[in-house]
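Open the model in your viewer and keep the selection panel at hand. The stops below each name something to select and then say what is there.

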Amino acid sequence: MKIAIIGSGMAGLACAARLTKAGLAPTVFDKGRGIGGRMATRRADGGFQFDHGAQVIPCDSDGFRALMDDAKAAGHVAEWDTGEGKTRVVGSPGMTALAKYVAQGLDLRQGTEITALTQTTEGWDLTANEALGTFDRVICTAPAPQAAKLAGHALTDPLGAVTYAPSLTLMVALHTALDVPVTQTNPTDALAWIAHDSAKPGRPTQNCWVAQASTDWSIAHLELSKDEIAARMLDLFLTHHGLDATEVAYAAAHRWRYALVDTPLGQPFVTSADKTLYAGGDWCLGPRVEHAWQSGTAIADDILSAA
Ligand SMILES: Cc1cc2nc3c(=O)[nH]c(=O)nc-3n(C[C@H](O)[C@H](O)[C@H](O)COP(=O)(O)OP(=O)(O)OC[C@H]3O[C@@H](n4cnc5c(N)ncnc54)[C@H](O)[C@@H]3O)c2cc1C
């Protein structure tokens, strides 16, 4: 069976890994250069490194815990003592480490944006900037609005009910140390989260910080240019810490239009009536990496149970 998976975030990788383990050989296509989707790590000149997407990896279910235990034993995730009286779990040396661990041995085609999905009598034709061939099964794990654009007409359930909160994110490196907690939740009305990224296990010894704007602030400033977002968020960050701009070694912003799922679909995936096209991702079950993993795994199990 020829299988294409769109998206190398946790949902797509989990699906591909499960299918591969069962002896199938799916191909994973992603428009991005790196794998992991919103579980993202950016490296910048100067040796700076930032987790600008998912910050930590909570785990509530047995299946996901088994993966996390294996990844931890293999050194790809680690516990982070944030001084809050509990430890959190992060990818190590960056959040993409967990994605890379799950992706081992998979057929990955990065830098390939799927622009059209067409059903023929032979199967599904995939198009990027060239024809990619015909597939018996296609699994789309793009965020729901993008999946709906690509595949919505053929799916049995409405993806339109799913809603997301955006997140504007600042990455900043400082010249000198800051004497504040390594995580700050809702430190101001405009900032929802600040983390000392370099304090996470396995990171380079730089002084890198990530700040996420609140949902209201993100919505209000979503369409500004990235430079303008960086300038305004840097001002918020510096004012909050009583710093001036001479302290800044690096600053950049990222716009996550579909960051955190507000209203999930409430079921692990959607499929076409003939079960040849699937769509899934975190948006099916909730706002976390674990939900993406659950969705991708459920799609693979459904395909395998019918094979
Ligand atoms: C700022 C932020 C903070 C977060 N914090 C946390 C946290 O602390 N803990 C937590 O558990 N979760 C957190 N999350 C949520 C978590 O990152 C997501 O739930 C999870 O990574 C989603 O995985 P996914 O595979 O469903 O989707 P994604 O990771 O979005 O993967 C989808 C992939 O599809 C690709 N794609 C889309 N369209 C196409 C196309 N046409 N062709 C080819 N490829 C395509 C994209 O490039 C992407 O790689 C956070 C997210 C953000 C943005």
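Select β1, helix α1 (residues 10–21) and β2 together: these three elements of the predicted model make a right-handed β-α-β unit.

Keep β1 (residues 3–6) and display the side chains. Are its faces covered or open? Both faces of strand β1 are covered. Ile-3 and Ile-5 are buried on one side, and Ala-4 and Ile-6 are buried on the other. In a regular strand the side chains alternate between the two faces of the sheet.

Now add the neighbours of β1. Strand β2 (residues 27–29) runs parallel to β1 and is joined to it by 3 bridges. To find one of them, select Ile-5, whose bridge partner in β2 is Val-28. Strand β11 (residues 137–140) also runs parallel to β1, with 4 bridges between the two. Here Ile-3 stands opposite Arg-137, and Ile-6 has Cys-140 as its bridge partner.

**The whole sheet**

Extend the selection to the sheet that holds these strands. Its 6 strands follow the order β7-β2-β1-β11-β18-β17, the sheet is open, and the pairing is mixed. Which strands stand at the edges? β7 (107–109) and β17 (270–271) do, and each has a single partner strand, so one side of each is left without a neighbour in the sheet.

**The ligand**

Select the ligand and the residues around it. The shell holds 36 residues, and the closest are Ala-11, Asp-30, Arg-38, Val-56 and Asp-282. Three of these can be inspected in turn through their polar atoms. At Ala-11, a polar backbone atom is 2.9 Å from an oxygen atom of the ligand. At Arg-38, a polar side-chain atom lies 2.8 Å from a ligand oxygen. At Asp-282, a polar side-chain atom and an oxygen atom of the ligand are 2.7 Å apart. The ligand taken alone exposes 1000 Å², of which the protein buries 93%.

Colour the shell by residue class next. How many of its residues are nonpolar, polar and charged? The division is 17 nonpolar, 13 polar and 6 charged.

Then colour the shell by element. At least two shell residues come from each of α1, α4 (144–151), β16 (248–263) and α7 (289–306). The largest share, 3 residues, is supplied by β16.

**From β16 to Arg-42**

Stay on β16 and select His-254, which is found in this strand. Is His-254 buried or exposed? Its relative accessibility is 15%, so it counts as buried, the cut-off being under 20%. The side chain of His-254 makes a polar contact with the side chain of Arg-42, at 3.2 Å.

**Gln-49 and the cis peptide**

Go to strand β4 (residues 48–50) and select Gln-49, which has its place there. Gln-49 is buried, with a relative accessible area of 7%. What does its side chain reach? One polar contact goes to the side chain of Arg-43, at 3.4 Å. The side chain of Gln-49 also reaches the backbone oxygen of Pro-93, at 2.6 Å.

Follow that second contact to Pro-93, in the loop between β6 (87–91) and α3 (96–102). The peptide bond that joins Ser-92 and Pro-93 is cis, with omega about 15°.

**Two loops with positive phi**

Select Asn-186, in the loop between β13 (183–185) and β14 (191–196). Its phi is near 50°, a positive value in a residue other than glycine. Asn-186 is exposed, with a relative accessible area of 55%.

Move to Lys-275, which is found in the loop between β17 and β18 (277–279). Lys-275 is not a glycine, yet has a positive phi of about 55°. With a relative accessible area of 35%, Lys-275 is partly exposed.

**Last stop: Phe-135**

Select Phe-135 in strand β10 (residues 131–135). Phe-135 counts as buried, at 3% relative accessibility. To finish, draw a distance from its C-alpha to that of Lys-72. How far apart are Phe-135 and Lys-72 in sequence and in space? They are 63 residues apart in sequence and 35 Å apart in space, C-alpha to C-alpha.

Conventions: Residues numbered from 1 in each chain as written. Predicted model: local features only at pLDDT ≥ 70, side-chain atom pairs only at ≥ 80, totals over all residues. Heavy atoms only, no water. Buried < 20%, exposed > 50% of the residue type's maximum accessible area, 1.4 Å probe, protein only. Pairing = 2+ DSSP bridges. Right-handed = clockwise from strand over helix to strand, strands pointing away. Near = heavy atom within 4 Å. Polar contact = N/O pair within 3.5 Å; in protein donor to acceptor, adjacent residues only side chain to side chain. Areas by Shrake-Rupley, 256 points an atom, 1.4 Å probe, with all protein chains shown as cover. Nonpolar A, V, L, I, M, F, W, Y, C, P; charged D, E, K, R; others polar.
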